[in-house]
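Me: Please take a close look at one part of this protein, its second largest pocket. Then show me what else the model tells us around it.

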Amino acid sequence: MIFELDSNEISFKYSLQDTDLEISERGIVGQERALKALRTGLKTNRNGYNLFISGEMGTGKLTSVRQEAENCTDDEMIKDVVYLANPSNPYFPISLCLNKGDGKKLKALLSSANEGNYKTILEEVKGQIPEATGYAALLSKNTFNVNNYKVNLVLDRSLEVKRPFIVESHPTFENLFGYAEKSEECPHLAIHIGSYAKASGGFLVLTAAEVLSQKGLWDAIKRHLDSTAMALSTSGVQGSLGKDERIRPEPIALPTKVILLGSEDIFDELCDKDEGFLRLFKVAPQFDYLMEANKENILGTIAYLKKINPNITKEACEEVLRYSSSICESRDKLTCQLTLLGDLISEATLYSDGKITGDDVKRAIKDRAELTDLLEDRINQEIKAGELLVSTSGKKVGIINGLAVMDRGAASFGTPAVISATVAPGSEGIVNIEHEAGLSGEIHDKGILILQGYLRKNYARSFPLSIYAGLCFEQNYSEVDGDSASSSELYALLSAIGELPVRQDIAITGSVNQMGILQPVSGINEKITGFYHTCKLCGFTKTQGVIIPKQNIRSLILPYEVEEDIKNGNFHLWALSTIEEGMELLTGLPSSTRDRKGLFKVGSFNRVIEDNLKKLYESGKGN
């Protein structure tokens with residue numbers, strides 16, 4: 001059944017109540033599953049419970065980690081750390097973890113020691129600082145050496161109430177693991193710790209891509225996670241000790257929980273190629289890029305918008321929510337990339353007189369499109385001038401207007417893509433000209449093979465499929481991939497086989513399977529809008545429009561001008577389920593089903609196509 005969409009089915013807008021804006025501030029929106037995994041990883045104090053957090057930018061990963069880490073209160077993990085001289089070997093300094101505040105106390109006590117009072121001082125240390133009792137006993141066994149009483153207080157947490165949370169934005173060996181400066185008398189005083197040790201007892205956040213870009217750094221991090229040791233890099237550091245005097249400090253006895261932020265591709269690669277990765281990173285929260293457009297998430301999004309600008313009106317919120325759903329290509333979803341919505345609000349503020357209105361948001365969206373549509377305008381001007389051979393009226397054999405999406409940075413737009421098909425007797429089957437020219441991706445190649453399956457199933461039942469057919473994206477010189485043009489290619493092929501003229505005022509998008517059932521595709525709004533702009537520039541005939549798969553109705557969030565012209569009858573949309581419905585619309589002929597003798601009805605496009613396939617087979621037998 002051919003199903004043309006009316007303006008009510010195409011129109012889409014959120015409708016809010018005034019009370020929806022009377023909300024208090026909310027936390028991270030739409031990431032309940034990721035937050036649950038995050039809390040598990042942060043609160044489990046066990047080896048290997050480091051985290052790899054994946055997700056798109058702007059979904060709240062770092063904000064969530066910071067907020068959840070603040071809730072991980074454990075005073076036992078907030079310690080002072082000192083490095084002390086090793087009387088037996090000064091190049092193997094001793095580390096001590098002390099209760100917060102005891103680092104300063106120990107440093108003050110030991111610095112007051114001299115040859116006359118050091119035994120008394122050591123007794124005071126034993127009485128006041130329990131963790132330093134062993135070190136005091138060690139010193140008491142040796143003769144007094146003032147260098148042994150000097151303290152390097154590398155972590156002073158006397159004023160801290162929360163576990164450390166460090167984001168290392170520039171991970172290098174020195175920044176992560178510290179370095180040693182030359183000190184002739186006291187090697188332990190030469191130690192300068194890095195962010196890994198500074199995060200001891202707490203959390204260290206790193207960007208996975210930056211870590212992996214530094215040669216050897218990833219392996220060093222894994223070694224530290226395995227041993228909890230702190231290494232000091234001395235190579236290339238001005239004033240460092242000689243290689244024969246390399247410092248080997250004792251590990252700090254406080255774990256550092258490493259949190260990697262990265263993409264799902266990096267996570268998958270590490271899982272596949274690094275045997276120790278999953279042992280060290282046992283928790284992997286995934287931050288989604290979309291969420292259900294339910295009441296809770298709508299209110300959470302509005303709370304975020306009000307945080308960006310409290311002067312946003314209900315109508316403006318409705319427009320931003322509509323834009324949010326358009327990013328997801330679904331009327332049932334909202335984007336979790338709230339920073340994208342924040343950017344839109346900031347741009348809409350430029351047009352406001354204090355309060356941000358719905359018209360301000362509409363203008364910001366329109367201006368965004370105009371700032372990035374130079375290439376689209378150029379393509380349409382070439383079509384109008386006849387330089388790109390695209391027809392928006394009439395009928396042709398073997399030629400179909402497909403639709404493609406072109407990307408330029410964060411912006412994308414749709415444009416017609418002419419697909420042609422030619423047929424002749426032969427046994428080669430369907431030849432993908434893009435593949436032969438090295439311009440076809442693997443998914444597109446698969447789509448071409450599906451077309452052969454459709455021809456065999458629907459027509460070549462009593463005779464072999466014997467055909468030489470060529471399919472081509474005309475005037476295209478870049479790679480073609482994906483299967484969203486497979487229905488368009490099949491229409492062109494059927495038109496060429498049956499020598500049936502098909503309408504040029506209709507553009508087509510949609511994937512197809514071997515059964516001839518249309519399947520949904522992405523970029524539907526950009527594709528429709530692209531052909532709309534082409535038709536508008538070349539002149540509306542009031543018959544032009546686009547065929548889409550029926551499942552894509554829920555993806556329709558079109559610009560208001562497109563909605564308006566559909567309402568006025570200047571442009572049309574057809575949501576179809578099968579190839580046969582499309583052929584009826586494109587050719588004006590009925591489809592027909594097989595009768596008792598297995599024959600299609602005379603005058604149907606199926607009968608014409610099957611008869612011509614038989615002729616091609618008979619012609620090929622003589623060769």
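**The second largest pocket**

Reply: The second largest pocket holds about 630 Å³ of space. Bear in mind that this is a predicted model. Rolling a probe the size of a water molecule over the atoms shows where empty space is left.

Start with the walls. The lining of the second largest pocket is made by 26 residues. Nearest its centre lie I28, T59, G60, K61 and T63. Four elements each give two or more residues to this lining. They are the helices α3 (61-70), α13 (295-308) and α15 (338-349), together with strand β9 (257-262).

Now sort the lining by class. Polar residues number 12, nonpolar ones nine, and charged ones five.

Next, step back to the whole protein. It has 24 helices and 23 strands. Its C-alpha atoms fill a box of roughly 120 × 65 × 45 Å along the principal axes. The radius of gyration is 35 Å, whereas a compact globule of 623 residues would have one near 25 Å.

One of its sheets is worth tracing. This open sheet has three strands in the order β3-β2-β4, and the pairing is antiparallel. Strands β3 (94-99) and β4 (152-155) stand at the edges. Each has a single partner strand, so one side of each is left without a neighbour in the sheet. Neighbouring strands here are turned by 30° against each other on average, with direction ignored.

Look at the pairing of β2 with β4. Strand β2 covers residues 79-84, and three bridges join it to β4 in the antiparallel sense. Find Y83, then its bridge partner in β4, which is N152. A helix lies across this sheet too. Helix α4 (residues 102-111) lies across β2, β3 and β4, and it runs at about 30° to β2.

Finish with a pair of helices. Helix α14 spans residues 314-328 and helix α16 spans residues 358-372. They pack at an angle of about 35°, and their axes are 6 Å apart. On the α14 side, the contact uses E315, A316, E319, V320 and Y323. On the α16 side, it uses G358, V361, K362, I365 and R368. By class, the residues of this contact are five nonpolar, four charged and one polar.

Note on methods: Residues numbered from 1 in each chain as written. Predicted model: local features only at pLDDT ≥ 70, side-chain atom pairs only at ≥ 80, totals over all residues. Heavy atoms only, no water. Pairing = 2+ DSSP bridges. Axes fitted to C-alpha atoms, helices over the stretch in contact; angles between N-to-C directions. Contact = heavy atoms within 4.5 Å. 1 Å grid on protein atoms, 1.4 Å probe; cavity = no way out; pocket = protein on both sides within 12 Å on 5 of 7 lines; lining within 4 Å. Points joined across faces, edges and corners; volume = space filled by probe spheres on them. Nonpolar A, V, L, I, M, F, W, Y, C, P; charged D, E, K, R; others polar. Rg over C-alpha atoms; globule rule 2.2 N^0.38 Å.
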